[in-house]
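Hi,

Here is the model I promised to pass on. Have a look at it first, and my notes follow below.

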Amino acid sequence: MAERRRPLKTVTGVSGSVDVYTAAIDPAVSTVASSIEVARLAEEHRFDALFAADLLSFGAQGAIGAQEPLIFLSALSAVTSRIGLIATVTTTFHHPYNLARLFGTLDHVSNGRAAWNAVTSSLGEENYGAADLPSPEQRYARAAESIEVVNALYDSWLPGALSVDGNGRTRLDPESVRPIDYAGEFFTVKGPLNIPALPQRRPVQFQAGQSAAGVELGARFAEVVFTSLATTEEATAYTERVRARAAALGRPGGLPLIMSSLHTTYGATEAEARRLVREQAESFDLEAGRAALEDMFGGGVDLSDLPLDKPIPESLLPDVASVNRRRGRVEIFGRLARSGKTLRELVIAAKDTGHWAEAGTPEQIADAIQARYDAGILDVVSLGGLADPRTRDFLVNGLLPELRKRGIVGPDYVGRTFRENLELPDLPRRAAQLDRRVASV
């Protein structure tokens, strides 16, 4: 009998909506109301997780109404019971002891549905007392230590630390809750964690970052890597690279899982979808798009005087090593520019910030998803649009039923916790103490 393959897992976003601003001016409306509706719909249609993105400053990428993800998802945990809760939180501006307590608490209040999307941030330093953003090398080194500390704190509670005595009372064995005595370059943390062992033992570890340093961090620690891979060729190369490095580090086969965000344009027919794409391109603000593209190149490129229908001169493209912000995006758009795409084409591509985009009928979108799934380069897909009635109809009455008919997406949740629903391999056994010479996973 052929081995059962893990079904494709589905995620949808719940933050970053301008509805937050609309609600904020009406004291009778909660700023989480629209996301509660999305969360309930997502769970009803058996999405595996809700994803909360984050920004740490105002204006650099536009005001999108982002709320603090952990508090936002804690509110949504009270109106859901099975769906996972993925919070994006930076390691650059947070201390790992606080992170362990925050995510540990979310795991407790949600009965084992918490996940951490660890990012290193490309903006916001002006709000945290820093004159300059630390270099990518510093940010990723700090991220690695942060995750090491957080994992060690979760594992500071050994099995059997809590038990029930003969009278039905909970008993704590202090000898089974051990300090971690961590001393690194960035952090010194004695521990142990002061909240009980988690329902999942550790929240599911997501990580976003596609630069060389991002690949290394994902290979070492991530159970799921969140990627922006516009083409099958890019997705294949990235998957092979990160999994080869993970295997070299002794990680289980198939890790990390690959998550891609899919930007969709639906049509009842292929002709309608093409028309919608054309209309979107024709109505697109090209000058605002130039500014967005400049941001994709790290913010140090001036494209204002270049002709729209010619490629960007090679001499203007930045050296990735010289860029301090968003190196992964710089690599993606540098490759696109060197492939001969015109400035106009790159400006339009920047609308999707380098993410995978497809247009067509639900069946055609399903074909594109299946191609990546069958190729082994897609394990988790992020699908937006539940808040929009038209897109929601195509998604829940078209795409998801089609994927389930093909046996690609499962019909229901398969476990009690998010870790179980993702069908992840078992976590490594707890070490008696943290060995700084060996990468913890």
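A quick definition to start: on a 1 Å grid over the protein atoms alone, a cavity is a set of points where a 1.4 Å probe fits but cannot get out, and its lining residues have an atom within 4 Å of a point. Points are joined across faces, edges and corners, and the volume is the space filled by probe spheres set on them.

This is a predicted model, with local features needing pLDDT of at least 70 and side-chain atom pairs pLDDT 80 or more, while totals for chains, interfaces and linings use all residues. Numbering runs from 1 along each chain as its sequence is written, and side-chain values use heavy atoms, leaving out hydrogens and water.

On to the cavity. The structure has one of 30 Å³ or more, and the largest holds about 50 Å³ of space. Its lining includes Phe103, Trp116, Tyr154 and Arg202. Two elements each give two or more residues to that lining, α5 (136-154) and β9 (204-208); helices (H or I, at least four residues) and strands (E, at least two) are DSSP runs numbered from the N terminus. The largest share, three residues, is from α5.

Now the packing. The largest nonpolar core (buried Ala, Val, Leu, Ile, Met, Phe, Trp, Tyr and Cys joined through side-chain atoms within 4.5 Å; buried is under 20% relative accessible area, with a 1.4 Å probe and protein chains only) has 67 residues. α5 turns up here too, giving the most to this core with nine residues. A second, separate core of 18 residues includes Val204 and Leu422.

Cheers

Conventions. 1 Å grid on protein atoms, 1.4 Å probe; cavity = no way out; pocket = protein on both sides within 12 Å on 5 of 7 lines; lining within 4 Å. Buried < 20%, exposed > 50% of the residue type's maximum accessible area, 1.4 Å probe, protein only.
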